[in-house]
Every structure is written in structure tokens, then in C-alpha cells.
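Trainee: I have a model open and would like to check the words people use for its helix packing. Could we go through them together?
Mentor: Gladly, let's take them one at a time.

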Amino acid sequence: MDVRIPPGLLAALSELSARLVEQKSTDCGVGVIAFAVIPDPLILRLPLEHVRKFERALERRLLNSLRAQDLLFALDGNEWLILLPALSSPAVLTLAMLKLDQAFGREPVQVEGLDLQVKVVSGAAMSPIHGQDAFHLLQSARIACLMAQRNGSGSQVYDPSMDRVSPHAARLERDLREAFFGGSAPELHLQPKIHVASGECRSAEGLLRWCDSGGEAVPPPVVLGLIDRLGLRHTFNRWLFQHAARTLHGLRMAGLDIELSINLSATDLYDAEVPDLIEQALKTWNVAAAALCLEITETSMLEEAEGVGVTDVLKRLRELGVSLSIDDFGTGFSGMSRLKQLAVQEVKIDRSFVTDLVSSARDREIADSIIDLSHRLGLKVTAEGVERADTARVLAEMGCDFIQGFLYSRALPLDEFIAWVRARAGISV
């Protein structure tokens, strides 16, 4: 009988996120073991039909080594993730990895009459000491597995020293940690989104801006990478939602009825607490949910969303009343399946199709098709990265609803944004 194992990193991420939420109120931790088979020439030479039999044999032996409450996730033919709930000590992880090593060291795996001696390696991490964020915890286990393979130890529990960084990166990490606890705090700057038909600024996108302790601006992708590396994604999201709601409150106090969009990574949809954090922020600042739009980035990461926690998170976000948008539409796997899955109200045409819109017939055809399809589905369309008047004119002729880019304004601090909107509308203070 085949053993059925949930596939994929994202399924493991969803399950781990749920387990972390469940056990926050207990003294127990959640353990993660990254388990890998070191490639061997004889194994690599197996016929394809024997490879799958080999993998099933590995999975059965793995399952026989686990407790009833443990969960096994297959990442690919050579790597698995094991979730061990309700652990009292990291020592349990060490014992579990020893058991796995013994299970594969005692006797070979038999496939079609062949005795295959398997070399394995494993790394482990445990919450909360190695991270409270699910993605960070999973990656800590994988880093420990990599270190175990490199030094030939066979198995290792994660240690922060495994994350070797340059002095510059170390300083940025220190500054970023302090930023969320009283240091040089990040900011949200607002870039206007212009309603094409009326020429009015009816919405804006909140973009992350942060300077290190030396006053140097750090590019947003670098900041977000550091946040994930340090396991601060949950802390950052809490800050982001509160700051977005506070910004919306500031706009209302200035008499401006403007919708605010913020970016949310697709991986954040695997965090069951996200809807609660957003609802809490909106209530704190007495802001209507309809004023907030979540632009979902990295939507190709939702390829495995069927049957895991994303469905519930999306349902709760819709019930809350916030709008949803697909960012960078038309790239990667962003397509019809994502529109159906997310049930969004807006799509944003990726800037890669906007930059050469005037000179490229192919880009014009793609943009025109996106706009036509979106309107047929009752969705609004925003084109981002617009820097030239002739580009804006072509988009307007296509029926694009909103235009965003340096043609109108860079992202501005809140006070400057309010002044910009008032000046454009001819509103006197």
C-alpha cells in the first residue's frame, strides 16, 4: 500500500504556522527536522521507474521512525521536512535525528533486487528558541542540515552562528532589530494612483522606506530579505498593518477619502493570524476595512494552496471587507487560475509591460488583453511604473482605470502626500 505524504514546502509552512499558533499558550515548542539523502552514483543511475519505488521505500522507512503525532512532508526526491509538535526540549530533536540515522545506517534500501546503501543527513530547529516565524524556523532547520552535510557530522541542531554575515550585513541586522523596538523606525511613503477618467487621486500605494543608523536609505527588497532572515516577518506585519491603519486615519483627519494599498507576500497568506492583526489595526484606528487594499505579491507561491490554510485566510479577509489585488499581473504564473483562486477586485499590470509600451507592439497587445479580460470579469486595472505622458495616453485609450508612476509623483511622506493631493485638486488649507 502506498503511503500518502503531503507534498511541498508551502503545505509544511501552512501546517507549521497553525501549530505555532496552537502552542503559543503552552510551554511546549514545535520542532522541525530537515532530512536529506546525499546523492550516490548508483542511485542516480536508477531507471526512472525505479526511482519512484526508491523514494516510496525511503518514505516508508521514515514514517516507521516517527511518532504517531509527527508529520512528514516530501519536498522532492531527496529532501523531506518533519514536524514534531509538543516538544519539551531540543534534546528530543537530537534523539529523533539519531533514530533516523540509525534507521538508514543499519541496513540498505532494497529496490528491484538492488541493495542501496543510503547516506543521510539531517538538521533541526525548534520554536521559539530558533524562531517564532514558520518560514524562518523551516529555513533554520535546512541551514542546519546543510552545515551537517558540509562538516560531515550527519546531523546538527541549528545555531545562530551558522548564519555567517559580513560586518555590513551584521550592522544592518542590528539596526533593523532596533528599528522595531525604538530605533530608526521604517516608514510608509505614499505613491499616488491616478484615476484616469477623472484625473483625481483616489488611492495610493504605501511603499516601505527605511534608513540605517548611518542615515543611508536601504532598498526595500534588502529590508524585506533581512526581515525574513531574522524571523521578523510577523513583527513586521503587525507594524505594517498598524501603520497602514494609522495612515488611513491621518488621511481621513485631513479630509481625504483615499484608499490605501499595501503589499502582502503570498507566503503571508499561510499565517492564520494575519486577518486578526488587520482587523485589530482597523479597529484601533477606527478605519473602515473597505479603505484598505492588499496587493498580493509572489502569487506563483500559491501554486500549492489547494487544501491548505490559504483558503481559510482568504475567506476571512473577504469577510473582513478589505479589497484584494494581484500585483505584477502577467508575469510568472500570475494568470487566470490566480484570478479564480483569489477572487480579487483589482489587477496591476507589471511594469515590465509598461516601460516599452509605446515602442513594443507585443507589450501593447499584452496590456490591452489584460485590461479587456479584467473588465469582462468586473475588475479594476492599475498600470504601475508609468513615467512618460505618451505611455499614459496609450493606457488611457485602452481603458486602464488607474495609473501609477513617476509621471505623477514619487512616493511621498504622509504630510507631503496630503499637500500634493490638495494642490492637485486645488484645495486650499
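Mentor: Keep in mind that this is a predicted model. A good place to begin is helix α6 (residues 167-179) with helix α7 (residues 220-229): their axes lie 10 Å apart and make an angle of about 80°.

Trainee: Why are α6 and α7 called roughly perpendicular to each other?

Mentor: Angles of 65 to 115 degrees count as roughly perpendicular. The angle here is about 80°, so α6 and α7 earn that description.

Trainee: Which residues in α6 and α7 meet?

Mentor: From α6 come Leu-172, Glu-173 and Leu-176, and from α7 come Val-223, Leu-226, Ile-227 and Arg-229. By class, that contact has five nonpolar residues, two charged and no polar ones.

Trainee: What makes Glu-173 and Arg-229 fall under charged rather than polar?

Mentor: Asp, Glu, Lys and Arg are the residue types that count as charged.

Trainee: Next pair, then. How do you know that α8 and α9 are roughly parallel to each other?

Mentor: Helix α8 (residues 233-253) packs against helix α9 (residues 274-284) at about 30°, with the axes 8 Å apart. Roughly parallel requires an angle under 35 degrees, and therefore the label applies to α8 and α9. The crossing of α8 past α9 is right-handed.

Trainee: What does α8 bring to α9?

Mentor: His-234, Asn-237, Arg-238, Phe-241, Gln-242 and Ala-245 of α8 touch a set in α9 that includes Val-274, Leu-277, Ile-278 and Ala-281. The residues of this contact comprise seven nonpolar, five polar and one charged.

Trainee: On to α13. What makes its buried residues a one-sided set?

Mentor: In helix α13 (residues 389-398), Thr-391, Ala-392, Val-394, Leu-395 and Met-398 are the buried residues. Their arc around the axis is only 160°, so they sit on the same side of α13. In general, an α-helix has 3.6 residues a turn, so residues three or four places apart point the same way.

Trainee: What covers those buried residues of α13?

Mentor: The cover includes α12 (361-376), β14 (380-383) and β15 (402-404). Just after α13, Gly-399 has a positive phi of about 95°.

Trainee: And for the whole chain, how many residues count as buried?

Mentor: The share is 51% of the 429 residues, where buried means under 20% relative accessible area. The protein chain contains 14 helices and 15 strands. For contacts between residues at least 6 apart in sequence, 68% link residues at least 24 apart.

Conventions. Residues are numbered from 1 along each chain as its sequence is written. This is a predicted model: local features need pLDDT of at least 70, side-chain atom pairs count only at pLDDT 80 or more; totals for chains, interfaces and linings use all residues. Side-chain values use heavy atoms; hydrogens and water are left out. Axes are lines fitted to C-alpha atoms, for helices over the stretch in contact, and angles run from 0 to 180 degrees between N-to-C directions. Helices (H or I, at least four residues) and strands (E, at least two) are DSSP runs, numbered from the N terminus. Angles under 35 degrees count as roughly parallel, over 145 as roughly antiparallel, 65 to 115 as roughly perpendicular and the rest as oblique. A crossing is left-handed if the near helix is turned anticlockwise from the far one by less than a right angle, and right-handed if clockwise. Contact means heavy atoms within 4.5 Å. Buried means under 20% relative accessible area, exposed over 50%, partly exposed in between (1.4 Å probe, protein chains only). The arc is that of the directions from the helix axis to the C-beta atoms.
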